[in-house]
Amino acid sequence: MVQTRPRFYSFDDYLAYDDGTENVYELFNGELIEVPPESGQNVQIANRLLLIFALLLGIDRVRGHGLELEVRGEPKNRYPDLTVIQPEHIQLLAKRNTIRLTMPPPTLVVEVVSPGELQWERDYIAKRAQYEDLGIPEYWIINPQDQTVLVLAQQGQGFTAVGTFAGNQQLESLQFANLNLTAAQLFVAGAQE
């Protein structure tokens, strides 16, 4: 028996679909593209940051890779490695962990770059444009290969680089002025937060 792949004509159709698995998909041109699992290193970095923000803001304001963002363009959705949500999102996300275009944007979105040129282009170009379009106030791109953190902030009509931070440089955030974090703390296993 040949199994046909479902085709979705709207984001609402996609949201109503359940294939009975725990798979995570991006919706690209009406078709589901399975999102591969993250590398262990990327998960460790995202987990360190999740713990730091949970201690700073409370666990309910921080979401890991399972949070889905509806975006304009293709694909129609993204799964950031870490998202800091606004207080009103907590109730809005109670039934489904998806921030729709009709909701306010999250406060911060973080992507940890996987190795490879395609992944670099996805995080630095494609996702940047989609997150900028949503009006997300701050976007961090964490690059384990060169051990840097690029902090971008909405200023005027788009993202502006706050800075690229490495080593013992203190990260600067316009959204989290009391954040006490260096780039090195995200990359060193066993680092003290």
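How many nonpolar, polar and charged residues does the lining of the second largest pocket have, by class? The legends below start with that pocket and then visit other parts of this predicted model.

**Figure 1. A close-up of the second largest pocket.** The lining of this pocket counts five nonpolar, two polar and four charged residues. Its volume comes to about 320 Å³. To find the lining yourself, look for Tyr14, Tyr17, Asp18, Asp19, Thr21, Glu22, Asn23, Val24, Tyr25, Tyr79 and Arg96. Rolling a probe the size of a water molecule over the atoms is what shows where empty space is left.

**Figure 2. A close-up of the largest pocket.** Here the volume is about 500 Å³. The lining is made of 25 residues, and the closest to the pocket centre are Glu26, Val35, Pro36, Arg122 and Lys127. At least two lining residues come from each of β1 (25-28), β2 (31-34), β8 (108-112) and α4 (117-134). Helix α4 gives the most, with five residues. Sorted by class, the lining holds eleven nonpolar, four polar and ten charged residues.

**Figure 3. The hairpin of β1 and β2.** These two strands pair in the antiparallel sense, over four bridges. Start at Leu27 and look across: its bridge partner in β2 is Leu32. Two residues lie between the strands, and Asn29 in the turn has a positive phi of about 50°. Both strands also appear in the previous view, since each supplies at least two residues of the lining of the largest pocket.

**Figure 4. The hairpin of β10 and β11.** Strand β10 (residues 148-154) and strand β11 (residues 159-166) run antiparallel and are joined by seven bridges. Opposite Leu152 you will find Ala161 in β11. This hairpin has four residues between its strands, and Gly156 takes a positive phi near 75°.

**Figure 5. An open sheet of three strands.** The strands follow the order β5-β4-β7, with mixed pairing. Why is one side of β5 and of β7 left without a neighbour in the sheet? Both β5 (77-78) and β7 (98-99) stand at the edges and have a single partner strand each, so one side of each has no neighbour in the sheet. Strand β4 (residues 68-70) runs parallel to β7, and two bridges join them. Leu69 has Ile99 in β7 as its bridge partner.

**Figure 6. Leu101 in the loop between β7 and β8.** Leu101 is partly exposed, with a relative accessible area of 30%. Beyond its neighbours within four places in sequence, Leu101 is in contact with Glu70, Val71, Arg72 and Leu134. Leu101 and Leu134 are 33 residues apart along the chain, yet their C-alpha atoms are separated by 7.6 Å.

**Figure 7. The largest nonpolar core.** In soluble globular proteins, nonpolar side chains tend to be buried together. This core has 22 residues, and those with the most contacts inside it are Leu49, Phe53, Trp140, Ile142, Val149, Leu181 and Leu186. At least two core residues come from each of α2 (40-57), β6 (82-84), β8, β9 (138-143), β10 and α5 (184-187). Helix α2 gives the most, with four residues. Now zoom in on Leu49: setting aside its neighbours within four places in sequence, Leu49 is in contact with Leu82, Val110, Trp140, Ile142, Leu181 and Leu186. Apart from this core lies another, of 18 residues, including Ile85, Val109, Ile141 and Leu150.

Key. Residues are numbered from 1 along each chain as its sequence is written. This is a predicted model: local features need pLDDT of at least 70, side-chain atom pairs count only at pLDDT 80 or more; totals for chains, interfaces and linings use all residues. Side-chain values use heavy atoms; hydrogens and water are left out. On a 1 Å grid over the protein atoms alone, a cavity is a set of points where a 1.4 Å probe fits but cannot get out, and a pocket is an open set with protein on both sides within 12 Å along at least five of seven lines; lining residues have an atom within 4 Å of a point. Grid points are joined across faces, edges and corners, and a volume is the space filled by probe spheres set on the points. Ala, Val, Leu, Ile, Met, Phe, Trp, Tyr, Cys and Pro count as nonpolar, Asp, Glu, Lys and Arg as charged, and the others, Gly among them, as polar. Two strands pair if DSSP finds at least two bridges between them. A nonpolar core is a set of buried Ala, Val, Leu, Ile, Met, Phe, Trp, Tyr and Cys residues joined through side-chain atoms within 4.5 Å. Buried means under 20% relative accessible area, exposed over 50%, partly exposed in between (1.4 Å probe, protein chains only). Contact means heavy atoms within 4.5 Å.
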